[in-house]
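Biologist: I would like to take a close look at a single part of this protein, and I would be glad if you explained it slowly enough for a first-year student to follow.

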Amino acid sequence: MPRAILAAAVAFLLSLHCAAEAATGRVALVIGIGKYDSLSALGNPVPDARAIAAGLRKHGFDVSEHYDLTRADFLDVLESFKSKAEGASTALIYYAGHGLEIEGKNILAPRDLEIECDPKKAKRAVELQKIFDSVASVPQQIVLLDACRNDPFPQCPTRSAQAGGGFRGLTRLGTEDSSVLIANATLSGALAADGKPGEHSPFARALLARFEQNPRTYIRDLLDMTAQDVRRATGGTQIPEIVARGGSPRICLEGVNCGDGGGSAPTILSDKGTLQEVRDTLSRLGYVQGSRGDGAEAELEAAIRRFQSRSGLTPDGQVTPTLMAVLRAMRSQIASLPPGTAATPQTYTAASGPPGVQGELEHDVGSTFRDCEQCPEMVVVPAGRFVMGAAPGEPGAQKAEGPTHEVKIGRPFAVSKLEVTFDNWEACAIEGGCGGIKPKDGGWGKGRRPVINVSWDDAKAYVTWLRERTGKSYRLLSEAEWEYAARGGTTTAYAMGGSITTDQANYDGSNTGTRRTGTYRGQTVESGSFQPNPFGLHDMHGNVAEWVEDCWNPTHAGAPSDGTARGGDCKRRVLKGGGWYYEAAYSRSAARISYPAGSRLNVAGFRIARTLE
């Protein structure tokens, strides 16, 4: 065979091998833009992106990296990556640079982007949707957006967001269409720091550390850890947002031995007090040998893995918010055992709940699911016990919140992750449900904002439609279930502690009774705009007051102890959680108010529950 023909054949075979490798492999696109022709420059996106690219390449990704792109180059890069990703099993995109929302559209800023201040216009922008389009054919997609940075437009006059002016960070990303895991460097609409010159951004720094420490941890868990690291490092001023569409990819950076924690060294993330709490609880459950439960860290990590494995949680050995919520929900249940009695692992697990609950549930505790495309996303919360009502001396407590009493939630159940939104409601109305009612939005907008101006009767009509639509046992929460879910295993006035700020929830903070005045937004915000509680539920405090099943009673005297709804004055129904209009005290887990069942208010909405099969 002539040498030229042989060389061509070898090249052809090599190209087939490379194509087959890409078709079954993992590809990544890394873009960093720090230089801008007319916007403020950023010092760290390019170094951040180079470091991320090196980390991904080290862990087996086929990485394409590009820097300081113009719009034309940006679009060409996305088109090339779309071809490269065709047939791949996993595609990851990391972007660092300016990112913002203008006139309702999420955009990324190429080097040559130009803006006009009034009216607001962006020339040569790249819509964020094009990022998702480039990986639409890939089964497992991961998009990391280290954007939402400091104001890139100092030349524009500052106008208040309430007046409709100014620029802000990326709005909340959609969750309806394909299966993709999205990490946003900060919360929707918020700004994220670029970091000090010569250093990585807070998000990139935390992510790179996790790359090294946890390469065999499931990627969703790794990103959750990164978010916690960023929050701690910035003192709570920057809180990354992790969103999954269609379920989180069950993959890790290493690509092999996923779920074993990421290395031989223990990777438990927590302070000393929390670790002792975990030891004590797991010791009582029989997962740690010895009555004191004070084994070495490696032994404790192994015990955590065993507990997670039996409980349907990711067996990564990490002390995560979900793990703590499950353990704390069991704590009072464990405390009721006779002294010296150790519960067996078979008796108490997150999946099985307390004694008497038999059989496997259709969804694991801590998992999320949807029963239809238009259905609210649901979170499975564990069984457990808690003390209902306001603790003695709790600031803001009312007579109606007592007497306190223990309630047992006998089995896990599902709760909607968010308050029911206008989008959810409109799906019902379009299909002829909900009595065809079209609630007014007060001029604030619909979409992902919680539906308002719906009565208790309207909420029940939505539940009826959802039951018929899915064949599943949807319902309103009982008041006891709602308070149990809101507390998330905590015993303080709020899930986040003894106090709350307007950076954590949407309520009237204009008169806090302190020297520092909080925010009064004067309207609802999009559901899920704030960090979730330990059970993974958003907006249990504030935004809108939520209808529950119970009839009104002036106190908890005579209330059931099994978590079921209560009769009483059924012309009035209970609402929980406060709202944008009320002061902080009304947002406490124990707080409760009532309105006539037919009332339609701009501060009232609802969330739903489902009994698991």
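Biologist: Could we look at the disulfides, beginning with this one: what is the torsion about the S-S bond of Cys372 and Cys375, and is the disulfide right-handed or left-handed?

Modeller: Please keep in mind throughout that this is a predicted model. The torsion about the S-S bond of Cys372 and Cys375 is about 100°, so this disulfide is right-handed. In general, a disulfide is a covalent bond between the sulfur atoms of two cysteines, and in this pair the sulfur atoms of Cys372 and Cys375 lie 1.9 Å apart. A residue counts as buried when its relative accessible area is under 20%; Cys372, at 10%, is therefore buried, and Cys375, at 0%, is buried as well.

The structure holds 3 disulfides, and another of them joins Cys428 to Cys434, with 2.0 Å from S to S. The angle about the S-S bond of Cys428 and Cys434 is 115°, and this link is right-handed. Both Cys428 and Cys434 are buried.

There is also a disulfide between Cys551 and Cys570, whose sulfur atoms are 1.9 Å apart. The torsion about the S-S bond of Cys551 and Cys570 is about 90°, so this disulfide, too, is right-handed. Because Cys551 belongs to strand 18 and Cys570 to strand 19, the pair ties together parts that are 19 residues apart in sequence. With a relative accessible area of 4%, Cys551 is buried, whereas Cys570, with 35%, is partly exposed.

Strands 18 and 19 also lead us to helix 11, since the buried residues of this helix pack against helix 10 (422–430), strand 18 (545–552) and strand 19 (569–576), among other elements. The buried residues of helix 11 include Trp456, Tyr462, Trp465 and Leu466. Tyr462 is also one of the residues that touch the most other members of the largest nonpolar core, which has 54 residues, and helix 11 (residues 456–470) gives the largest share of this core, namely 6 residues. As a general background, nonpolar side chains tend to be buried together in soluble globular proteins.

The length of helix 11 can be checked as well: at 1.5 Å a residue, its 15 residues should span 21 Å, and its end C-alpha atoms are 21 Å apart, which agrees. At the start of helix 11, a side-chain oxygen of Ser455 comes to within 3.3 Å of the backbone nitrogen of Asp457, and just after the helix, Gly471 takes a positive phi of about 75°.

Definitions and conventions. Residues are numbered from 1 along each chain as its sequence is written. This is a predicted model: local features need pLDDT of at least 70, side-chain atom pairs count only at pLDDT 80 or more; totals for chains, interfaces and linings use all residues. Side-chain values use heavy atoms; hydrogens and water are left out. A nonpolar core is a set of buried Ala, Val, Leu, Ile, Met, Phe, Trp, Tyr and Cys residues joined through side-chain atoms within 4.5 Å. Buried means under 20% relative accessible area, exposed over 50%, partly exposed in between (1.4 Å probe, protein chains only). Helices (H or I, at least four residues) and strands (E, at least two) are DSSP runs, numbered from the N terminus. The expected span of a helix is 1.5 Å times one less than its number of residues. Contact means heavy atoms within 4.5 Å. A polar contact is a pair of N or O atoms within 3.5 Å; within protein, one must be able to donate a hydrogen and the other to accept it, and residues adjacent in sequence count only if both atoms are side-chain atoms. A disulfide is a pair of cysteine sulfur atoms within 2.5 Å.
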